[in-house]
Amino acid sequence: MKPVLLLATIIAFLVLNTTLNMLNRWVLGVYRFKFPIFLTMSHLAIGFCILAPVMALPTFRPLHHPTIRKQGRGIAAVGFFKVMNIVLNNASLVYITLSLNQIIRSAIPVITAGIGVFVENKIPTGPELSSLLLLTSGVVLSVWEGSITGSVTGIAIALSSTLSGAAMLSFSGKILSEKLDVLRLTFYTAPVSVGVLIPFFIFQEAVPLWQHFQQNGYSVLLLILIGAVNAVAYNILHYQVIFATSSIMTPVIGMIKVIGVIVLSAVYLGEKRIFSLRMLLGCALAIAGFGAYSLLQSQRRAHEVGRASAVGSTDEKYLLQRPSSV
């Protein structure tokens, strides 16, 4: 992917992530629609329906059976870990503060790198690991509120969510590298994720949801539909960013977004008073870690492209020099 197109994809990914969070906040907060599991299921199901006509086209139709047969386990793993990441992250916020949640989740790039050794057979170099640790340390310093405390249960749930998120990224990176496009991955993982959520929905939200609709009507469904369109576009771009960069680079971009939100809130929302020397140092460390890792990844990709070109040239030379058979 060309640098300009990659930059545009990343910007669109971050914009859609922001708008999706705002829409969800509007539905769950302003409308007091306290059914996050149903909201997630709706987004996934509507996204599946939106993509279904595309997947029925002659271009895709012959690919479904061989893809599911060959990569079914990986697709199921992505769908499972994706939705567990969401459910566990929301559950952790019942027991711990958002800041502590963000501190724990800032370890996703490092954990993804560790899982990637086994799932993707990608071993990070010493400088790459050092830059990831620098980034993580910067994010921790930036969101640290001082004497943060949390229950053991909440911390354990947040850690489980972080592991699930890292596993989802690693499995996504692996199967996307095996010629599975982002549209099909989004389409295939939706039923898996909905299936995982159904038991949670039945036991926690089914009856209260019916009562809510009886008392308040169905107007909120329009906002859910708009959010679902946003969500399917975001999911496609999320997988595209993983494919275009790497499973590790994607959460690195997400972490630097946290720093961006902190800086923008200070500049535009009148929150400069919350800035301290520790937060400034954290932002600087995170940006330095992000820059260092991005540079190392660029150098690695250039080296891999150069090596592939050299191998191709060697093979071509060998074929030209090889005597033809009679």
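How many aromatic pairs does a search of the whole structure find? The search returns 11 aromatic pairs, and several of them will serve as landmarks below. The structure is a predicted model, and every value quoted here is computed from that model.

The overall architecture comes first. The protein chain contains 12 helices and zero strands, so that its elements, followed from the N terminus, read α-α-α-α-α-α-α-α-α-α-α-α. The chain has 326 residues, of which 43% count as buried. Among the contacts with a separation of 6 or more, 86% are made by residues 24 or more positions apart. The exposed area of the chain is about 17,700 Å², with carbon and sulfur atoms supplying 69% of it.

The interior may be approached through its nonpolar cores. In soluble globular proteins, nonpolar side chains tend to be buried together. In this model, the largest nonpolar core comprises 22 residues, and F33, F38, L197 and L209 are the members that touch the most other members. Five helices each supply at least two residues of this core: α2 (36-55), α3 (64-92), α8 (182-204), α9 (206-216) and α10 (220-244). The greatest share comes from α2, which gives five residues. A second core, separate from this one, has 19 residues, including L51, V78, I108 and F187.

F38 offers a convenient view of the largest core, since its contacts can be listed one by one. With neighbours within four places in sequence set aside, F38 is in contact with F33, F201, E205, L209, F213, L221 and I224. One of these partners, F213, also forms an aromatic pair with F38. Of the 11 aromatic pairs, this one is edge-to-face, with 6.3 Å from centre to centre and 75° between the planes. The pair links distant parts of the chain, F38 standing in helix α2 and F213 in helix α9, 175 residues apart. Both residues of the pair are buried.

A contrasting geometry is found between F48 and F187. Their ring centres are 4.4 Å apart and their planes lie at 5°, and the pair is therefore stacked, because planes under 30 degrees apart count as such. F48 belongs to helix α2 and F187 to helix α8, so this pair ties together parts that are 139 residues apart in sequence. F48 counts as partly exposed because its relative accessibility is 28%, whereas F187 is buried because its relative accessible area is 12%. F187 is also among the residues of the second core. Elsewhere, ring pairs join F33, F35, F38, F201, F213 and Y218 into a cluster.

Two further buried positions show how helices meet other parts of the chain. S172 lies in helix α7, which spans residues 152-176. Its relative accessible area is 0%, and S172 is therefore buried. Beyond its neighbours within four places in sequence, S172 is in contact with V78, Y239 and I242. V78 is in turn a member of the second core. The other position, L223, lies in helix α10. L223 has a relative accessible area of 18% and counts as buried, because the limit for that class is under 20%. With neighbours within four places set aside, L223 is in contact with W26, V27 and Y31. L223 and Y31 are 192 residues apart in sequence, yet their C-alpha atoms are 9.9 Å apart in space.

Helix α10 also contributes to the surface. I50, L222, L225, I226 and V229 form a nonpolar patch there, with about 430 Å² of accessible area together. Helix α10 gives the most to this patch, with four residues. One of the patch residues, L222, has its place in helix α10 and is exposed, because its relative accessible area of 56% is over 50%. L222 is thus exposed, whereas L223, in helix α10, is buried.

Charged side chains complete the account. A search of the whole structure finds one salt bridge. In a salt bridge, the side chains of D181 and R184 meet at 2.5 Å, N to O. Are these two residues buried or exposed? D181 counts as partly exposed because its relative accessibility is 26%, while R184, at 5% relative accessibility, counts as buried.

Technical notes. Residues are numbered from 1 along each chain as its sequence is written. This is a predicted model: local features need pLDDT of at least 70, side-chain atom pairs count only at pLDDT 80 or more; totals for chains, interfaces and linings use all residues. Side-chain values use heavy atoms; hydrogens and water are left out. A nonpolar core is a set of buried Ala, Val, Leu, Ile, Met, Phe, Trp, Tyr and Cys residues joined through side-chain atoms within 4.5 Å. Buried means under 20% relative accessible area, exposed over 50%, partly exposed in between (1.4 Å probe, protein chains only). Contact means heavy atoms within 4.5 Å. A salt bridge is a side-chain nitrogen of Lys or Arg within 4 Å of a carboxyl oxygen of Asp or Glu. Rings of Phe, Tyr and Trp (its six-membered ring) pair if their centres lie within 6.5 Å; planes under 30 degrees apart count as stacked, over 60 as edge-to-face and the rest as tilted. Patches are made of residues with over 30% relative accessible area and no salt bridge: like charges are joined within 9 Å, nonpolar side chains (Val, Leu, Ile, Met, Phe, Trp, Tyr) within 5 Å. Accessible areas come from the Shrake-Rupley method with a 1.4 Å probe; for residues, only the protein chains shown count as cover.
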